[in-house]
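Colleague: Hi! Could you walk me through this protein? I'm new to reading structures, so plain words please.

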Amino acid sequence: MKGLDIMVPDPKCELEHKTPFELLVAVILSAQCTDKRVNQVTQELFKTHSTPADFVKISQGELEAKIHSCGFYRNKAKAIKEMSADVLTRFGGQVPANFDDLLTLAGVGRKTANVVMAEAFGGDNLAVDTHVLRVSNRLGLVSTQDPNKCEEELCKIFPKKRWSRLHYQMVLFGRYTCKAMKPECEKCVFNRECPHSRV
Ligand code: SF4
C-alpha cells in the first residue's frame with residue numbers, strides 16, 4: 001500500500017533480540033505488554049538467561065520475578081519454560097526455521113510463529129496482532145475480528161513478498177498513528193477515504 005509506505009517508510013521489529021530464541025522469548029513476553037517494557041526486561045534477563053537450557057534450569061518462581069513487570073508473569077514464565085523444554089528436547093536446542101514446527105512448540109500460536117519466521121528467518125509471513133487487526137478493519141481491507149480470518153484475507157489481497165513488510169508497517173502505523181483510543185487522523189494520509197477518519 002502506497003499510503004503505508006509514506007506513513008511507515010522504514011518498518012522494523014522493535015523487540016530487541018540477538019537470536020531466534022531470544023526473539024521467541026520476547027514475543028511471548030510481549031502479549032498484552034509494550035515492546036518498550038519487554039526490552040527493559042529482556043535487557044537484564046538475557047544477560048544471564050538466553051538459551052533454552054538456561055530457561056529449563058531456572059525455577060518458575062525466579063523467572064516470574066524477573067519478568068514480573070511484563071504482566072501475566074505466571075502464565076508467561078510457564079510458557080517460556082515449556083517452550084524452552086520443547087526446543088531443547090525435540091529440536092536440539094535450535095528454534096526450528098519452519099512454520100509448522102514452530103506451531104508445535106508449547107505456547108506458540110500463529111502470530112508468534114509468523115513473527116519469528118519473518119524476523120528471524122526472513123520468511124514471507126504476515127502476523128496479525130491487535131494493531132494489524134484494528135488497522136486492516138479501519139481501512140476497510142477486512143471485516144472481521146478473527147485474527148486467523150484477517151490473516152487469510154490480507155494474504156489474498158497482497159502479494160506474498162509484501163507480507164512481512166506489511167505486518168511491520170501496520171504494527172507501527174497502529175502503534176503510533178492509528179491508535180486504538182485516539183487515532184491521529186489529522187496526520188494520516190488515509191484521512192480522506194478512511195471511513196473511521198475523525199477529520
Ligand atoms: S484516518 Fe484515522 S482512523 Fe483512519 S486509518 Fe488514519 S488514523 Fe486510522
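Modeller: Happy to! One definition before we start: the domain bounds come from an automatic or database domain assignment. Also keep in mind that this is a predicted model.

Colleague: Okay, so which domains is the protein divided into?

Modeller: Domain 1 covers 2-11 + 126-187, and domain 2 covers 20-121. The C-alpha centres of domain 1 and domain 2 lie 25 Å apart.

Colleague: How many residues of each are in contact?

Modeller: Nine residues of domain 1 are in contact with five residues of domain 2. On the side of domain 1 that touches domain 2, the elements giving two or more residues are α10 (147-157) and α11. The largest share there, three residues, comes from α10. By class, that side of domain 1 has four nonpolar, three polar and two charged residues.

Colleague: Let's zoom out. How many helices and strands does the protein have?

Modeller: The count is 11 helices and zero strands. Reading along the sequence, you get the pattern α-α-α-α-α-α-α-α-α-α-α.

Colleague: And why is it called as compact as a globular protein of that length?

Modeller: Because its radius of gyration is 18 Å, which is close to the 16 Å that the globule rule gives for 199 residues. The C-alpha atoms fill a box of roughly 55 × 30 × 25 Å, taken along the principal axes.

Colleague: What percentage of the residues count as buried?

Modeller: Of the 199 residues, 37% count as buried. As for contacts between residues at least 6 apart in sequence, 58% join residues at least 24 apart.

Colleague: Can we look at one helix? Is α11 mostly covered or mostly open?

Modeller: Helix α11 is mostly covered, with 10 of its 14 residues buried. Among them are L166, Y168, Q169, M170 and F173. The buried residues of α11 pack against α1 (2-7), α8 and α9 (130-138).

Colleague: What span should α11 have, and what does it have?

Modeller: At 1.5 Å a residue, its 14 residues should span 20 Å, and the end C-alpha atoms are 20 Å apart, so the two agree.

Colleague: You listed Q169. Why does Q169 count as buried?

Modeller: Because Q169 has 23 other C-beta atoms within 10 Å, and the cut-off for buried is 20 or more. Q169 is found in helix α11, residues 163-176. Not counting residues up to four places away in sequence, Q169 touches L4, V8 and P11.

Colleague: How far is Q169 from L103?

Modeller: The C-alpha atoms of Q169 and L103 are separated by 24 Å, and the two residues are 66 apart along the chain.

Colleague: Switching to the other domain: how many residues of α2 are buried?

Modeller: In helix α2, residues 20-29, nine of 10 residues are buried. They include F21, E22, L23 and I28. The buried residues of α2 pack against α3 (35-48), α4 (52-57), α5 (60-67), α6 (73-91) and α8 (110-121).

Colleague: And in α6, what is A79 in contact with?

Modeller: Leaving aside neighbours within four places in sequence, A79 is in contact with I28, A106 and G107. A79 counts as buried because it has 20 C-beta neighbours inside 10 Å. A79 and V108 are 29 residues apart in sequence but 8.5 Å apart in space, C-alpha to C-alpha.

Colleague: What about phi angles? Which sign do most residues have, negative or positive?

Modeller: Most residues other than glycine have a negative phi. Q32 has a positive phi, near 55°, and is not a glycine. Q32 is found in the loop between α2 and α3, and with 10 C-beta neighbours inside 10 Å it counts as exposed. F72 also has a positive phi, about 45°, although it is not a glycine. F72 lies in the loop between α5 and α6 and is partly exposed, with 15 other C-beta atoms within 10 Å.

Colleague: Last one! Which residues come nearest to the ligand?

Modeller: Of the 13 residues around the ligand, C178, P183, C185, C188 and C194 come nearest. The shell around the ligand divides into seven nonpolar, four polar and two charged residues.

Colleague: Thanks, that was easy to follow!

Key
Residues numbered from 1 in each chain as written. Predicted model: local features only at pLDDT ≥ 70, side-chain atom pairs only at ≥ 80, totals over all residues. Helix = DSSP H or I, 4+ residues; strand = E, 2+ residues; numbered from the N terminus. Buried ≥ 20, exposed ≤ 12 C-beta atoms within 10 Å, placed from the backbone. Contact = placed C-beta atoms within 7 Å. Nonpolar A, V, L, I, M, F, W, Y, C, P; charged D, E, K, R; others polar. Near = placed C-beta within 6 Å. Rg over C-alpha atoms; globule rule 2.2 N^0.38 Å. Expected span 1.5 Å × (residues − 1).
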